[in-house]
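Please find below a short note on the aromatic rings of this model. The points are numbered for ease of discussion.

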Amino acid sequence: MLQDQISFRINFYFDKNEYFSNNVIWKEYFLNNKTKDCVKTNCSPIKWKKNQEPDYKKDGESFFYIFFNKSNEENVMDMETEEGDNLKNCIIPFSLEFFLN
């Protein structure tokens with residue numbers, strides 16, 4: 001990691017399921033320390049079970065799209081900045097409330 005960057009990693013834990021074999025999938029966000037804009041992302045590969053990988057072109061976006069799109073183009077980084085902020089500041093702190101409601 002460069003000195004002018006900060007980063008955070010979000011882990012998602014899953015029970016055994018029929019769609020993929022990962023117990024944990026994760027995504028890392030690398031931000032410019034001054035602007036807080038996302039400059040790079042990295043994510044774990046999803047080990048899809050046979051015939052279970054979503055067809056993003058056919059099915060549209062899903063939660064797993066954030067692990068599929070690995071482009072570091074500027075317009076994608078703008079979306080990644082917003083996505084990371086929403087996960088870190090809005091979803092994670094209130095995850096129990098989301099789960100219970």
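1. Arginine 9 lies over the face of tryptophan 26, 4.0 Å from the ring centre. A second charge of this kind is that of lysine 40, placed over the face of phenylalanine 30 at 5.7 Å from the ring centre. The reader should bear in mind that the model is predicted.

2. As for rings that meet other rings, the count comes to three aromatic pairs. In one of them, phenylalanine 8 and tyrosine 29 have ring centres 5.0 Å apart and planes at 15°; the pair is stacked because planes under 30 degrees apart count as such. This pair links distant parts of the chain, since phenylalanine 8 belongs to strand β1 (residues 5-13) and tyrosine 29 to strand β2 (residues 24-32), 21 residues apart.

3. Are the two partners of this stacked pair buried or exposed? Phenylalanine 8 has 15% relative accessibility and therefore counts as buried, the limit being under 20%. Tyrosine 29 is also buried, with a relative accessible area of 1%.

4. Phenylalanine 20 and tryptophan 48 form another pair, with ring centres 5.6 Å apart. Their planes stand at 80°, so the pair is edge-to-face. Here too distant parts of the chain are linked: phenylalanine 20 is in the loop between β1 and β2, whereas tryptophan 48 is in the loop between β3 (38-43) and α1 (56-59), 28 residues apart. Phenylalanine 20 is buried, at a relative accessible area of 3%.

5. Finally, Phe20 and Trp48 should be considered together with Phe14, as ring pairs link these residues into a cluster.

How values were computed
Residues numbered from 1 in each chain as written. Predicted model: local features only at pLDDT ≥ 70, side-chain atom pairs only at ≥ 80, totals over all residues. Heavy atoms only, no water. Phe/Tyr/Trp six-rings, centres within 6.5 Å; stacked < 30°, edge-to-face > 60°. Helix = DSSP H or I, 4+ residues; strand = E, 2+ residues; numbered from the N terminus. Buried < 20%, exposed > 50% of the residue type's maximum accessible area, 1.4 Å probe, protein only. Lys NZ or Arg CZ within 6 Å of the ring centre and 35° of its normal.
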